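Let's walk through this one together, a question at a time. Have a look around first, then read on.

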Amino acid sequence: MMVASAESPVLNHMQLKDLVYEHLRRSIIEGEYEVGAALREVDISTSLGVSKTPVREALVRLQSDRFVELIPYRGAVVTGYSRRDVREMYEVREIVEGRCAARMAEADDDGARDELQNNLKDTWDAVSRGDVDAVIDLFEKFDGLIYAHAENRWFADLIDDLEGHQRRIGRPTVEIPGRIETSTRQHQAICDAILARDAETAEAAMREHVRSVLADRLGNFPDDDAA
């Protein structure tokens, strides 16, 4: 059987399309491309120094991920989120994150509990000094600690699918007046239940938190129903 060498065109192509995909995905998530922005194959291939083929394949993959829409005669356009998109996403989050919180409460993992406590301490410190970027990062790490206890391959796949969209939605959500403080208090309640090894309360607290974020997000949705 022939093994591809490091110089194999096939291997290089596989690496390129994955690198292009990751670059574009990260750029969309971090807001470098606004909603509605056109992603032109020729411009991207020129800026990255690659052919149009890996760019085209990356855009097809991003459409499958719901980050872009491929429109005939227009090419790829960065998608936004409708009210329905946000509602459905948070419905999935409520179920998955609630169960993950319960499982973390049940788990024999004192190290993870210590990390969660430290996360809350750092979050309160960041809130007190008004460091929004640090709060966003700590919120994401809090979610990561909870997700680590999914112990369910189906949940893990759902988490992977949601992660990028959750990060895109996260920044405008924390900019809602009072949302940071409310989320931090709710995270504290979740953490307290997990530390008490109270799985039922941990799940209920997490589900209430997700519903609260959804209510604020929909309450501050743009009038044109696309964000």
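Q: How many residues does helix α8 have, and what does it reach from its first C-alpha to its last?
A: Keep in mind that this is a predicted model. Helix α8 covers residues 179-195, so at 1.5 Å a residue, taken over one less than its number of residues, a span of 24 Å is expected. The model comes close to that: helix α8 has 17 residues and reaches 24 Å.

Q: Which helices do the buried residues of α8 pack against?
A: Start with the residues themselves: the buried ones in α8 include Ile 180, His 187, Ile 190 and Ile 194. Arg 179 and Gln 186 are on that list too. The partners of these buried residues are α4 (83-106), α5, α6 (132-147), α7 (153-174) and α9 (199-219).

Q: Which residue just after α8 takes a positive phi?
A: Helix α8 runs over residues 179-195. Just after α8 comes a residue with a positive phi of about 60°, and that residue is Arg 197.

Q: Is Arg 113 buried or exposed?
A: Arg 113 sits in helix α5 (residues 110-128). Its relative accessible area is 4%, and the cut-off for buried is under 20%, so Arg 113 counts as buried.

Q: Which residue's backbone oxygen lies 2.5 Å from a polar atom of the side chain of Arg 113?
A: Leaving out residues up to four places away in sequence, Arg 113 touches a set of residues that includes Met 104, Glu 106, Ile 194 and Arg 197. Another residue in that set has its backbone oxygen 2.5 Å from a polar atom of the Arg 113 side chain, and it is Ala 107.

Q: How many residues apart are Asp 18 and Arg 61?
A: Asp 18 and Arg 61 form a salt bridge, with the closest N and O atoms 3.3 Å apart. This pair links distant parts of the chain, since Asp 18 is in helix α1 (residues 9-29) and Arg 61 is in helix α3 (residues 52-64). Asp 18 is partly exposed at 33% relative accessibility, and Arg 61 is partly exposed at 37%. Along the chain, Asp 18 and Arg 61 are 43 residues apart.

Q: What separates Glu 88 and Arg 84 in helix α4?
A: The side chains of Glu 88 and Arg 84 meet in a salt bridge, 2.7 Å from N to O. Glu 88 counts as partly exposed at 37% relative accessibility, while Arg 84 counts as exposed at 58%. Because Glu 88 and Arg 84 are four residues apart in helix α4, what separates them is about one helical turn.

Q: Which residue forms a salt bridge with Lys 121?
A: An α-helix has 3.6 residues a turn, so residues three or four places apart point the same way. Lys 121 and its partner are four residues apart in helix α5. The closest N and O atoms are 3.5 Å apart, and the partner is Asp 125.

Q: How many salt bridges does the structure hold?
A: Some salt bridges join up: Glu 94, Arg 99, Glu 203, Arg 207, Glu 208 and Arg 211 are linked in a network. For the structure, the number of salt bridges is 18.

Q: At what angle do α4 and α6 pack?
A: In α4, the residues Arg 93, Glu 97, Cys 100, Ala 101 and Met 104 meet Asp 143, Leu 145, Ile 146 and Tyr 147 in α6. The axes of α4 and α6 are 8 Å apart, and the helices pack at about 70°. That makes α4 roughly perpendicular to α6, the angle being about 70°.

Methods. Residues numbered from 1 in each chain as written. Predicted model: local features only at pLDDT ≥ 70, side-chain atom pairs only at ≥ 80, totals over all residues. Heavy atoms only, no water. Helix = DSSP H or I, 4+ residues; strand = E, 2+ residues; numbered from the N terminus. Buried < 20%, exposed > 50% of the residue type's maximum accessible area, 1.4 Å probe, protein only. Polar contact = N/O pair within 3.5 Å; in protein donor to acceptor, adjacent residues only side chain to side chain. Contact = heavy atoms within 4.5 Å. Salt bridge = Lys/Arg side-chain N within 4 Å of Asp/Glu carboxyl O. Axes fitted to C-alpha atoms, helices over the stretch in contact; angles between N-to-C directions. Parallel < 35°, antiparallel > 145°, perpendicular 65-115°, else oblique.
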